[in-house]
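These are my notebook entries on the structure shown below. I record what I looked up, entry by entry.

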Amino acid sequence: MNDLRPLALAGGLAVLALVNAVGSPPGRVPLDALGVLLLVVPAFAVAALRRLPTTVLTLAVLCLLAYAVRGYPGLASALPVLVALFTVVRSGRPRPAALGVTAILAGGVASEALTGARIPSEAFQQWFLLIGWMIAACVAGDLSRRRRGDVAEAERRAEEAERTREEAARCRADQERLRIARELHDALTHSISIINVQAGVAVHLARKQEREPAGELVAIQRASQEAMRELRATLKVLRDPGEPATPGLDRLDDLVAGVREAGLPVELIISGQPQPLPVSVDRAAYRIVQEALTNVTKHAGPATAEVHLDYRPDGLTARITDDGHGCGHDDGRDAPGDSGTNTNTNTNTNTNTSTSTSTGSGSGNGNGSGNGSGPGNGAFLIEGNGLIGMRERVTALGGTIVAGPRPGNGFAVVATLPLEAES
C-alpha cells in the first residue's frame, strides 16, 4: 500500500497541472503536445523523489523553465518543483534546493526580458509570488526535517534512559547476588566444614582403633561433603549466573545411597523408557526427589520410602511415597480417603499450617490416588516451605504436583513434569 502512495501523488500532480494549464488565461503559445509533456513528465518523476531527490528536482526545474520560455499558459509546471524542493530540503540537501530556486528566478526574469510579452511589473509580480511559494516549500521541508530529528533524538534519549535503567537494575541484581553469596559463605560454609571435619575425625579414629565406624557417622560425613559441594556450586552460580549448579537425575543413585546410609530404606523404581530430559526438567525432578526424601527422613519416623520415576513420551512422573506417620489426622476431620471436594486446614509434624482445596473421585489414576501409592482422594496440598519450593519448580515448568497423606498411613508426593517445559 505504501508503494502506491508516490504513484498516486504523481498522478494527482499531473492531473492538477493539466487542469490548471487548461483553465489559465491564454499564453503566447497554445498548449500543445510538448506543453503537455513538460507538465506530465516532472509530475510523474515525483514518484522517484525518495530514491533520486536531486535528479527529480533538476528535471522539474528544467521543465518549468522550458514551459515558461515557450510561453505556455499558466505556471502549472511549478507544482512538481514545489514538491521536489520540500523533499530535497527535508532530506537534508539545502544546497541543491537553493541552486534550483536561483536558476528558476534567473531563468524566469531572463525569459520575460527576452520576449517582452508582458509589462515588467506584471512579470515581476508573477515570478516574485512563485519564488515566494518555493521559499515557503523549502522552509516547510526544513521544519519537517528538524521535527523528525527532534523526534529521533527523543526516541534515542528514551532508549538510552531505558538502557540505563536496565543496566542499573542489572547492577543492583549483581550486587545482591554477591551479597547473598557472601552471606551464604559466612553463614553456612564454616558450620558445614566443622561438621564434615568432626565426622571425618570420628570415622578416622574409629578405624584407627580397628573398629567399624557407626553408619550414622559415615552418613554425616558424606552428607556434609555433598552439602559442601552443592554450596560451592551455588556460590559459583551466584557469582557467575551462567554456571549451572543444580545436579540432575544422573546423581539420583548417589542421593538414594546417602539416604540409605542415613538409616532410611529406600527403593528406587524406574519404569518406561529412560530418555534425555530438558535440563530444567532434569534438575527439577532431582530437587523434588531430594526434598521429598529429606522430609521423610526428618518427619516420617520409622518408615520405608519408595521413589518411582515413570518415563513417558510426553513427560516424567516422579512419585515419592513412604509408610511413616508424618501426617496424622487426630483433629476429628474426615480422612483424606473420603471422596468429594474438601477444603482442609491441617497442622502436622512435617509441614506448616496451610489451607488448600482439591477434588478426589475415589478412583485410581496416574497420580496414584486411590490405589495406596499416592495421595488419597481429596488430597490437599500442604504448605511447608519445602513443598512450596516443589510447587514453584513444577508450576514454572507447566507441570502438576499433588502432595498429601496416603490412605491409611504415610505421605506421598506426585509430580508430573512435561518434556516441553514452559521455562
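Is A202 buried, partly exposed or exposed? I looked it up in this predicted model: A202 is partly exposed, because its relative accessible area is 25%, and buried would require under 20%. I placed A202 in helix α6, which covers residues 120–208. I then took the C-alpha separation of A202 and P213, which is 7.7 Å for residues 11 apart along the chain.

Next entry: the nonpolar cores. I found that the largest one has 37 residues. Those with the most contacts inside this core are L249, V266, V289, L293, L309, I320 and V413. I noted the elements that each supply at least two of its residues: the helices α8 (252–261), α9 (279–299) and α10 (385–396), and the strands β2 (305–312), β3 (315–322), β6 (400–405) and β7 (411–418). Helix α9 gives the most to this core, with 9 residues.

I followed V413 further. Leaving aside neighbours within four places in sequence, I list its contacts as I288, A292, A318, R319, I320, L387, M390, I401, V402 and A403. Apart from the largest core lies another, of 30 residues, and I recorded V46, V88, M134 and C138 among them.

Last entry: the cysteines. How many disulfides does a search of the whole structure find? I obtained 0. I also looked up two cysteines: C138 is buried, with a relative accessible area of 15%, whereas C171 is partly exposed, at 40%.

Methods: Residues numbered from 1 in each chain as written. Predicted model: local features only at pLDDT ≥ 70, side-chain atom pairs only at ≥ 80, totals over all residues. Heavy atoms only, no water. Core = buried A, V, L, I, M, F, W, Y, C linked by side-chain atoms within 4.5 Å. Buried < 20%, exposed > 50% of the residue type's maximum accessible area, 1.4 Å probe, protein only. Helix = DSSP H or I, 4+ residues; strand = E, 2+ residues; numbered from the N terminus. Contact = heavy atoms within 4.5 Å. Disulfide = S-S within 2.5 Å.
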